[in-house]
Each structure stands twice: as structure tokens, then as C-alpha cells.
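Biologist: I've got a new model open and some questions about how it is put together. Can we go through it piece by piece?

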Amino acid sequence: MNQNERYLSAKEMYAKIGVDTEAALAKLQNIRISMHCWQADDVHGFEGMGALTGGIQTTGNYPGIARNPEEVFADLDKALSLIPGTHKINVHANYAIGEPGEVIERDKLEPRHFAKWVELAKKHGCGLDFNPTIFSHPMAKDGMTLSHPDKEVRDYWVRHTIACIRISEYFATETGYPCVMNIWTGDGTKDIPADRMGPRARYADSIDRALACGYDKSKVYVTVESKVFGIGVEAYTVGSGEFSLCYAISRGITPLMDNGHYHPTEVVSDKIPALLCFSDKIALHITRPIRWDSDHVVAFDDETREMMKEVVRCDALDRVFLSTDYFDASINRVSALIIGMRNVQKALLNALLTPNEDLKALQDAGNYSRLFALQEEYKLMPLGDVWAEFCVRNNVCPCNDWYKEIEKYEDEVLSKRV
């Protein structure tokens, strides 16, 4: 059978279990996922700060890394050309672009430093999200930033955060899409601290001061992301899961969950419906931890599928901000962006093609045997044929055909970056 025949066969099979594939494809078409720019160059940015600090680390040295804004943009262009649909681009503050020779202090960032990002977004019809870069900097002292005991250090990062809020407003105004601005720090200690509460009180006060600058809440959704541990901050992190969640809810801002930032036995898929009971909107950073917060490329694995099932089951596609977040330098970096983004989309499609109401009815009726049996049977439904149709309709190579484009790009572009 050709692709169209395979899709029509799959459409008929799904119809038999009460699922409309056309409706699912229409919903998927309108879901924007925020693709993180920092996979393109191992989180280095354009400041020339060197190795990462703040508890994070990129491993691998695959050839062809982007070395400047033009190369990062070229790689993002290529990735977006092979990902179906229209999405967003997630930018970190250390990707500011100044005039030739200009030294940009993070606490003095301005919208003009991100004008070229706006041009890129408009070129692709994308929105933009933003992140203060509160790590890998001389003012990230003693493993602390917004929670540092020295007020001068805290003030510097408060000014940086306020500058980022203004840039986020600029992004939203220019692109026409709300900007999610995520606050994350790697603040913490390598060994058992003598004071756990003090740094957290200072951290809360610092964010409070930044948010007091005032901003358009219809344009900017400020989020706070937690951290369970990091390299060099193994014993204690200031912005723990409990702190970040309580802060966000108490201040009326948006909680953000990164599914790599919890203990190994915790799953974000279970937390999504819990937070949706109390918060109008939530945000997700989708990654793949292996043994720890290792930020592997997102796979079409159990937890990714379960997270997307919960977003769909809770009828929360308009309440959950979706973003990818990982950095793998051991494989072709452009392919890593594409693989992760497409796997999130596949997981969303899988959720949209699940007869969720029927399964809920079986659970409510206590018919757990039939529920379990059907959940297992539905795993073998022809999802791949519907996914291929989605790619074709978006003029994107389906299945493994897209990788030929990456091999060509590597040969013609990446291999010449020496």
C-alpha cells in the first residue's frame, strides 16, 4: 500500500474504536511546542563565558557545533524545516546579540540585543519564549545567585531578571504570541548546609522584587522551575520542588515542571493533573533523565507518552505550555532537536488517538480488567500511519526519510565548521 492507502486503513481502524483521526490531526496542527535554542551549541551562548557552571554540564564533542549567531540560526532553520507544524523558539539570555565588539552585561540587557531573534521568529511564524541565564557568570558566586547572602550579588541578578521581563514583553508584542519567561537557578551546596531556610527566604524575596517591576500578564507568563540536584550542588538546592511550587501558587504565577528535576521514583505525568486542579496554567520542560537529571534527547518513551496523555485527558491543551529542554553533544545536534520535537508530537498524537472517555468510563465502573486489556491493545494501533500522514500534509519527510536531509546538511554545512 502507498502512504494514502495506509492512512485510510488506519483511519478506518481508529474509527472502529470511536476515534476520529481527522479531528486528532486538526488538533495536533495547532499545538505549538517551544524548541530550545541551546541544544544547537551546548548552552554556550554568545558571551564567550566558556565552560558551564551552576550544576549543569554538556557531554560529548560531536563535530560541527554552531559557533556564532549565524550558525545557530542556520541550524534552527534546518531543524524547523523538518519538524511538522508551526512552533515557538525558546531563547536564553546568554544568546544576546550586540554590536560588533560590544560587551553586554546581563543586568543591562535590552530588547535590541534580541532583535535578530524576533526576525528569525517572524520568518518562521513562531512565537518566542525566554529564560534569564542565572548561571555560568562571575556574579554567580559560591554556588549562589538570587539566594546569595551578599545583597550586591542578589541585586545584580534581580536587575537581570527585570531586564528579561522587559525582553519577554518585547517578544510577545513583536510576535503576537504570549512569552513564557522561566526563572531557574542552580543555587545550592555541595555538602550538607547549615542553613536551608535562609537562602530560600532570600530567593523568594529576590523574585518578589523582580516581579514588582510590573509587567503585562497577558503577554508574559512568568514561571519558576525547580531543581533536585546538580553537579557541585548534590546535597541541597535552594529552588527545590516544594519551594518552587509553593512560590508559584502563592504568587499567582505559573508553575513549571521539568521531568528531569525530580527524584527517580517521581513522575511528572502524575503531577500534571494535580497541578491543573489548582493552577489555571502550568508549563512543562520535556526531557529524558537517565539515572539522574542528564537531559538526554526526548524519546517516544513511556513517560513522554504518559505526560502527553494527561495533558490531553485533562482537556488542557490550552492550559499547558510545552517546551523541550535537553543538550546532547554526543550526536548530531540538529538531529537531536528534530528527534526530540517530533517525539513530543508523536506522544501528543498518540494521546489524541486514544479513546480517553471510554477508558475513563471503564475506570469509573471499576472494570479494571477490561481497562487494562484495552490499554495494552491500543498500543498496537497504527499510530505510525497517521503520523506519516501528518508529516506529508505539512510537507515534511515522514518516518526515517528526514534523516537523509540531516546527512546532506552535515556533509555540506556542519563538516566545514572547523
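Biologist: Which residue caps the N-terminal end of α3?

Modeller: One caveat before we start: this is a predicted model. At that end of α3, a side-chain oxygen lies 3.2 Å from the backbone nitrogen of glutamate 70. The residue that supplies this oxygen, and so caps the helix, is asparagine 68.

Biologist: What span should helix α3 have at 1.5 Å a residue, and how far apart are its end C-alpha atoms?

Modeller: Helix α3 covers residues 69-81, which is 13 residues. The expected span uses one less than the number of residues, times 1.5 Å. That rule gives 18 Å, and the distance between the end C-alpha atoms agrees with it: 18 Å.

Biologist: How many residues of α3 are buried?

Modeller: The cut-off for buried is under 20% relative accessible area. Among those that pass in α3 are Val72, Phe73, Leu76 and Leu80, but also charged-type names such as Glu71, Asp75 and Lys78. The helix is largely enclosed by the rest of the structure, because the buried count out of 13 is 10.

Biologist: And which elements do those buried residues of α3 pack against?

Modeller: Two strands are on the list, β1 (33-36) and β2 (88-92). The helices on it are α4 (115-124), α10 (333-352) and α14 (403-412). So for the buried residues of α3, the full answer is β1, β2, α4, α10 and α14.

Biologist: Phe73 caught my eye; which aromatic cluster is it part of?

Modeller: Phe73 is one of the buried residues of α3. Its ring belongs to a cluster with other aromatic residues, and the members are Phe46, Phe73, Tyr95 and Trp117.

Biologist: How is the pair of tryptophan 387 and phenylalanine 390 classed?

Modeller: The chain has 15 aromatic pairs by the rule used here. In this one the ring centres are 5.9 Å apart and the planes make an angle of 40 degrees. Under 30 degrees would count as stacked and over 60 as edge-to-face. The angle falls in neither range, so the pair is tilted.

Biologist: Where do tryptophan 387 and phenylalanine 390 lie?

Modeller: They are 3 residues apart, about one turn of the helix. In general, an α-helix has 3.6 residues a turn, so residues three or four places apart point the same way. Tryptophan 387 and phenylalanine 390 are both buried. The element that holds them is helix α13, residues 383-393.

Biologist: What do the buried residues of α13 pack against?

Modeller: Of the 11 residues in α13, 8 are buried, so this helix is largely enclosed by the rest of the structure. Leu383, Val386 and Cys391 are among them. Their packing partners are α1 (3-16), α2 (21-29) and α10.

Biologist: Is arginine 291 buried or exposed?

Modeller: Arginine 291 sits in the loop between β10 (288-290) and β11 (292-296). Its phi is positive, near 70 degrees, though the residue is not a glycine. Exposed requires over 50% relative accessible area. At 80%, arginine 291 counts as exposed.

Biologist: What is the phi of aspartate 315?

Modeller: Aspartate 315 is in the loop between α9 (302-313) and β12 (320-324), and it is exposed, with a relative accessible area of 63%. Most residues other than glycine have a negative phi. Aspartate 315 has a positive one, about 55 degrees.

Biologist: Which residues touch serine 168, leaving aside its neighbours within four places in sequence?

Modeller: Serine 168 lies in helix α5 (residues 151-175). Its relative accessible area is 0%, so it is buried. The contacts are Phe130, Cys179, Met181 and Val220.

Biologist: Is threonine 254 buried or exposed?

Modeller: Threonine 254 is in strand β8 (residues 254-258). Not counting residues up to four places away in sequence, it touches several others, including Tyr221, Val224 and Ile282. With a relative accessibility of 6%, threonine 254 counts as buried.

Biologist: Zooming out, what is the radius of gyration of the chain?

Modeller: The chain has 14 helices and 12 strands. For 418 residues the globule rule gives 22 Å, and the chain comes close to that, so it is as compact as a globular protein of that length. The radius of gyration is 22 Å.

Key:
Residues are numbered from 1 along each chain as its sequence is written. Side-chain values use heavy atoms; hydrogens and water are left out. Helices (H or I, at least four residues) and strands (E, at least two) are DSSP runs, numbered from the N terminus. Buried means under 20% relative accessible area, exposed over 50%, partly exposed in between (1.4 Å probe, protein chains only). Contact means heavy atoms within 4.5 Å. A polar contact is a pair of N or O atoms within 3.5 Å; within protein, one must be able to donate a hydrogen and the other to accept it, and residues adjacent in sequence count only if both atoms are side-chain atoms. The radius of gyration is taken over C-alpha atoms; the globule rule is 2.2 Å times the number of residues to the power 0.38. Rings of Phe, Tyr and Trp (its six-membered ring) pair if their centres lie within 6.5 Å; planes under 30 degrees apart count as stacked, over 60 as edge-to-face and the rest as tilted.
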